[in-house]
Amino acid sequence: MIQTSVKKELKITLVDILVGQRILTNDQVKQCDAEQKKSDSSIEQIILEKEFATRKMISDAVGAYFNVPYVDLDNYDIDTKVLKLVSERLARKYKFLPLFKIVNNLTIAISNPRNLFGIDEIRDILDCDIELTVSTEDQILQALDRYYGSTNKTGDLTDIVDEIVLSEFGDIDDDVEVEKVREVDLEAISEEMLDKAPVVKLLNTIIHRAIREGVSDIHIQQEEDAMIIRYRLDGVLYQAATLPRTLRTTLVSRIKILSGMNIAESRAPQDGRFKVKSAGHEYDFRVSTMPTVYGESVVLRVLDKRTASMKLEQLGFSENSLGMYQSLIEKPNGIILMTGPTGSGKTTTLYASLNKINSPDINIITVEDPVEYRLRYIRQTQINAKAGITFASAIRAILRQDPDVIMIGEMRDRETAEIAVQAAMTGHLVFSTLHTNDSPGAVSRLIDMGVEPFLIASSVIGVVAQRLVRANCKHCTEDYIPNEKLLKSIGLQDEQSITFSKGKGCDHCRNSGYKGRIGLYEILVMDNTIRDLIINRETPHVIAKVARETQNFKTLVDDGVDKVKNGLTSVEEILTVASAV
């Protein structure tokens, strides 16, 4: 009887606690379960997003249930010296985080303070007394990713590299001889060798560290005397590790096998993809190889499937801009264009738009190059030039599939643009992208592609230009005074009432002062006045000027200034991405 009671206590979940304290209803639990199956988000995230409970309600409920003080780990800074006392493996096994240590007494935050067996093992392994606080499993897992991800530099890779050398070549004392032996053996690489644990562990470490830190791209760059691993985080590249150049063939070949590429071909570019599951979430990796003078360079794009389920409200739209954009995507027909450079978040916004309007009574079909994320209940087509599937030919085929909404990955030529115009004018809602600096410039781009102005005026209902800026780290943001010249460049030199904010740098943000990114948006709505200007072939400058006078048109810089005033980002960030607009 006692053993059964303990077993039940160990299985207690956050939902059990909130239902038991009448914070969640059974109907709300069913909604959360259904949403989790679709989005892969945690139950806690869904509860907060649906506003079934606040963070304080959750913390009060968990603390009261276990009768242990609750710690909000999102607002708690931990000394890295304390983190080094506990291995990541042990912390993840029992879902706890060390907070501080006084003499021989270590205080930890744990998700289940009634897991007596786990706490006893922690006490025995660390050889110290344990004081308990409680936090939710979600917060602890996020904190583990945050802290161990930021403190785990290149040492983990170095250990694995040493393991590869020892397993393949033995313990050789002479560094010069080791270099020579490595060179000879790695030239005659075999698939059997690539499946051995050290090489697999090396790539797994690179990949899982990238996932932990939330990077968007992994660059494996070949230099004359080394192989450099670089990560792109929040749009900025930084060097993560330097590996011996003799591992280049091993590592690249391992990636090729995973991606379904030809490992014997190293003189031509190749593309592939593979999947990884980490912490209950699936990630797609899109892989590209390119021959260079020192060997093959590899770039892995990290695609988190949760991005495909993001909502428009999470992207950074201001209240007014969100209202304007939602009114556009609810229209029955017309073209909505997203403009901006590569990496500005256009695809994410398009996916969020499709998720917003997706319903059982709407037939949505996309044509993309490539298909980055798989969307539930939406039919997606991949461009394949070798098979004769181009944007233009795919759209023609889609129009025979009785669509209500069409998403075209990019308008690249006149033929694609003209078919899109025809689709919009025959009752379809069309989403697509263009590469222009601002929203009025999209009109000139379509005219340059050969589309008649009267067709543009009668089919396009709105253009959205966007950029991504790094958001201030909420853990280290402080007030600062920007340079007078910078303020003048965005028209804020005479503003005395604004409190400017910027992150000073901490462990949460890799000492950059920024964590995550938010969007800047510039929305041009096509009304009768703007349509007349398009038919008369007015310049983008004139269109923007009239839009300012006749509708609530804000440029990217204007939207950036609003975000600076709200303390979301810094003046320097706005000028980095929007100064040329």
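**Notebook: a walk through a predicted chain**

I started at Arg-22, which is exposed, with a relative accessible area of 79%. I should jot down early that this is a predicted model. Arg-22 sits in the loop that runs between helix H2 (14-20) and helix H3 (26-39). Its backbone caught my eye too: phi is positive, about 60°, although Arg-22 is not a glycine.

**Another positive phi**

I then looked up Arg-537, where phi is near 60°, again a positive value in a residue other than glycine. Arg-537 belongs to the loop between helix H22 (528-535) and helix H23 (540-550).

**A cis bond**

Which peptide bond did I note as cis? I found it going from Asp-369 to Pro-370, with omega near -5°. Pro-370 is part of the loop between strand S11 (364-368) and strand S12 (379-382).

**The chain as a whole**

Next I stepped back for the totals. I count 25 helices and 18 strands in the secondary structure of the chain. The chain has 581 residues, and 49% of them count as buried. About 28300 Å² of the chain is exposed, with carbon and sulfur atoms supplying 48% of that area. I also checked how far contacts reach along the sequence: among those with a separation of 6 or more, 65% are between residues 24 or more positions apart.

**The nonpolar cores**

I went to the largest nonpolar core, which has 40 residues. Which of its members touch the most others? I wrote down Ile-335, Met-411, Leu-446 and Ile-530. Helix H18 (residues 414-425) gives this core its largest share, six residues. There is also a second, separate core of 30 residues, and I see Leu-203, Leu-251, Leu-300 and Val-302 among its members.

I took a closer look at Ile-530. Leaving out neighbours within four places in sequence, I find Ile-530 in contact with Leu-524, Val-525, Ile-543, Val-546, Ala-547 and Gln-551.

**Strand S4 and its partners**

I spent a good while on strand S4 (residues 217-222). Is S4 largely enclosed or open? Five of its six residues are buried, so S4 is largely enclosed by the rest of the structure.

What lies beside S4? I followed strand S5 (residues 226-233), which runs antiparallel to S4 and is joined to it by six bridges. The two strands make a hairpin, with three residues between them. One pair to find on screen is Gln-221, which stands opposite Ile-228 in S5.

S4 also pairs with strand S9 (residues 295-304), in the antiparallel sense and over four bridges. Here I marked Ile-218, whose bridge partner in S9 is Leu-300. I had already met Leu-300 in the second core. A reminder to myself while looking at these strands: in a regular strand the side chains alternate between the two faces of the sheet.

**Salt bridges**

The structure holds 22 salt bridges, and I looked up a few of them.

I began with Arg-301 and Asp-217, whose closest N and O atoms are 2.6 Å apart. Arg-301 lies in strand S9 and Asp-217 in strand S4, so this salt bridge ties together parts that are 84 residues apart in sequence. Is Asp-217 buried or exposed? Asp-217 is buried, because its relative accessible area of 7% falls under the 20% cut-off. Arg-301, with a relative accessible area of 28%, is partly exposed.

Then I moved to Glu-282 and Lys-305, whose side chains meet in a salt bridge at 2.7 Å, N to O. The two are 23 residues apart: Glu-282 is in strand S8 (residues 281-292), while Lys-305 is in the loop between S9 and helix H15 (319-329). Glu-282 counts as partly exposed at 30% relative accessibility, and Lys-305 counts as partly exposed at 28%.

My last stop was Arg-212 and Glu-88, which form a salt bridge at 4.0 Å, N to O. This pair links distant parts of the chain, with Arg-212 in helix H13 (residues 197-213) and Glu-88 in helix H7 (residues 88-94), 124 residues apart. Glu-88 is partly exposed, at 21% relative accessibility. Which residues share a network of salt bridges with Glu-88? I traced Arg-92 and Arg-212.

Key: Residues are numbered from 1 along each chain as its sequence is written. This is a predicted model: local features need pLDDT of at least 70, side-chain atom pairs count only at pLDDT 80 or more; totals for chains, interfaces and linings use all residues. Side-chain values use heavy atoms; hydrogens and water are left out. A nonpolar core is a set of buried Ala, Val, Leu, Ile, Met, Phe, Trp, Tyr and Cys residues joined through side-chain atoms within 4.5 Å. Buried means under 20% relative accessible area, exposed over 50%, partly exposed in between (1.4 Å probe, protein chains only). Contact means heavy atoms within 4.5 Å. Two strands pair if DSSP finds at least two bridges between them. Accessible areas come from the Shrake-Rupley method with a 1.4 Å probe; for residues, only the protein chains shown count as cover.
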